[in-house]
Each structure stands twice: as C-alpha cells, then as structure tokens.
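Could you walk me through this structure in my viewer, one selection at a time? I would like to know what to click on next and what I should find there.

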Amino acid sequence: MKKLRFLALMAMTVLLLPACSDDDNWSPSYITDFADISIDMDGNVVEMLLDNGSAYQLATPYSLAEAKSDTTYRAICLYTVDREAATLHSVSLTFSPDPIVAPSDLEMKNDPCVIQSIWRGSDYINARMLVQGQELQHYVAFIDKGITTDSRSSVKILTIELYHDSNNDPAAFTRTFYFSCPLRMYAELLTQGRDSIAFIVNQEDKGMTTFMLPY
C-alpha cells in the first residue's frame, strides 16, 4: 500500500483559562475561537482572522516557537479584545491540510472516533473530535471523494471522508483533537447558499455517519 504523506499526532489540545477569585473586582472576557493567524518575519503572531470575518491586530506580538516566519496557520486562540486590538493568551495549532484525492490503491482506514461537534466556519469545516488512545501517533487525512450533481435541481454535493488510522493505539483514555478542513480550493466548483458538503466519519456506536453541511 502506498503510504499517504500526512501525519497528525492526536494530542490533547488544552487552552488554559486564567483563574480568578471572588475577590477580583474585574476580569477580562476571555474568548476561544478558530482563527487564521499571521506570523511575521520574527516568528511572532501579529494578526488573527476569525471565521466571522473579524480581523484583529495584536496589542502585543505573541511568540510561537513552532511557527515558521512569514506564514499563516490555522489555530484555536484564547484571547481578549480591547477596542480594536486583541491580546493572545494561548494558541494551539490545529490539523488543517487540504483534502486530497487518494491514490487508487489506498487502503482506506476508518478507525472509529466521536465527532462531538462539527460546523461550517468561513472557508473551513471545523470539528471537535474525540478518540480513544494512549500515546501513539494516529494517521489522519481528508479524502476528496468527488462532486456529484443532481440532474433535476443542479445542486452539487462535495463528499469528503475522514481517513483515520489509529495505529493500534491502546484505548486507554479519551483524547481531544480539533481539526479544520479547508474548502478554499472548491470556490470555483461550488456555489454558496446552494451546494452542500457530505462529511463522512466512522463514529463509535453509530458506524459510518454522514454530516450534511452547507457550502
């Protein structure tokens, strides 16, 4: 079998909220969102673009050690807003590769998981995914299964299937994994407000499940 060139470590994504006591007279309003974050030449996050179209410059550059300079990443951000600027308190990069058309000899893997929540956000399908595991790496990808068209209504449906190889990771405890499936490459093929996306996942206790989402 050809080995697909993708790999994601199913690690717990934890955003730590600062604690406050009853004696605090005031504490800022913390917000958690998916966002596209822009990295400058020094490796600092300097701007974030939310799925609702809001863009924020950072009041203070946020250093992200694992980031490459002059790059945009998909991330979950914990932040506060003061007027027109945002302050980042925590950043966790998410798994967000483009969907791929798998080679014909690919052995599709559909190891079970639980999709706790899934929704369309701007140019992405966002999801919170739970898997059973311990410490091994899991192989994950978004497989483009093609676009079909209803002959009567001309409505198009893009089908994407989640590839998940648990790598025989022992089911020791539940691990939380966030992902964003990019959709920008379909902008010239699908029409917003008319067409749909069928996202297929093998769910624990439910089997193969199709989530219908608007494009």
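Start by selecting Asn167, which is partly exposed, with a relative accessible area of 30%. This is a predicted model, so please read every value on the tour as computed from it. Now check the backbone of Asn167: phi is positive, about 60°, although the residue is not a glycine. That is worth a pause, because most residues other than glycine have a negative phi. Zoom out a little and you will see that Asn167 sits in the loop that links strand E9 (156-165) to strand E10 (173-182).

Next, select Asn168. Here again phi is positive, at about 55°, and again the residue is not a glycine. Asn168 belongs to the loop between E9 and E10. Is Asn168 buried or exposed? With a relative accessible area of 73%, Asn168 is exposed, because the cut-off for that class is over 50%. Asn167, at 30%, counts as partly exposed.

From the loop, step back into E9 and colour the sheet around it. Which strands make up this open sheet, and in what order? There are four, arranged as E8-E9-E11-E12, and their pairing is mixed. The edges are strand E8 (139-149) and strand E12 (207-214), each of which pairs on one side only. If you look across the sheet, the twist from one strand to the next averages 25°.

Now show just E8 and E9. These two strands run antiparallel and are joined by nine bridges. As a reminder for the display settings, strands of a sheet pair through backbone hydrogen bonds, so switch those on here. For a landmark, pick Thr148 and look across to E9, where Ile157 stands opposite.

Finally, show the whole protein and colour by secondary structure. You will find 12 strands and zero helices, so the pattern along the sequence is simply one β after another, β-β-β-β-β-β-β-β-β-β-β-β.

Switch to a contact map if your viewer has one. Taking contacts between residues at least 6 apart in sequence, 68% join residues at least 24 apart.

Last, turn on the surface. The accessible surface comes to about 11900 Å², and carbon and sulfur atoms account for 47% of that. Colouring by burial gives a closing view: 41% of the 215 residues count as buried.

How values were computed. Residues are numbered from 1 along each chain as its sequence is written. This is a predicted model: local features need pLDDT of at least 70, side-chain atom pairs count only at pLDDT 80 or more; totals for chains, interfaces and linings use all residues. Side-chain values use heavy atoms; hydrogens and water are left out. Buried means under 20% relative accessible area, exposed over 50%, partly exposed in between (1.4 Å probe, protein chains only). Contact means heavy atoms within 4.5 Å. Accessible areas come from the Shrake-Rupley method with a 1.4 Å probe; for residues, only the protein chains shown count as cover. Two strands pair if DSSP finds at least two bridges between them. Axes are lines fitted to C-alpha atoms, for helices over the stretch in contact, and angles run from 0 to 180 degrees between N-to-C directions.
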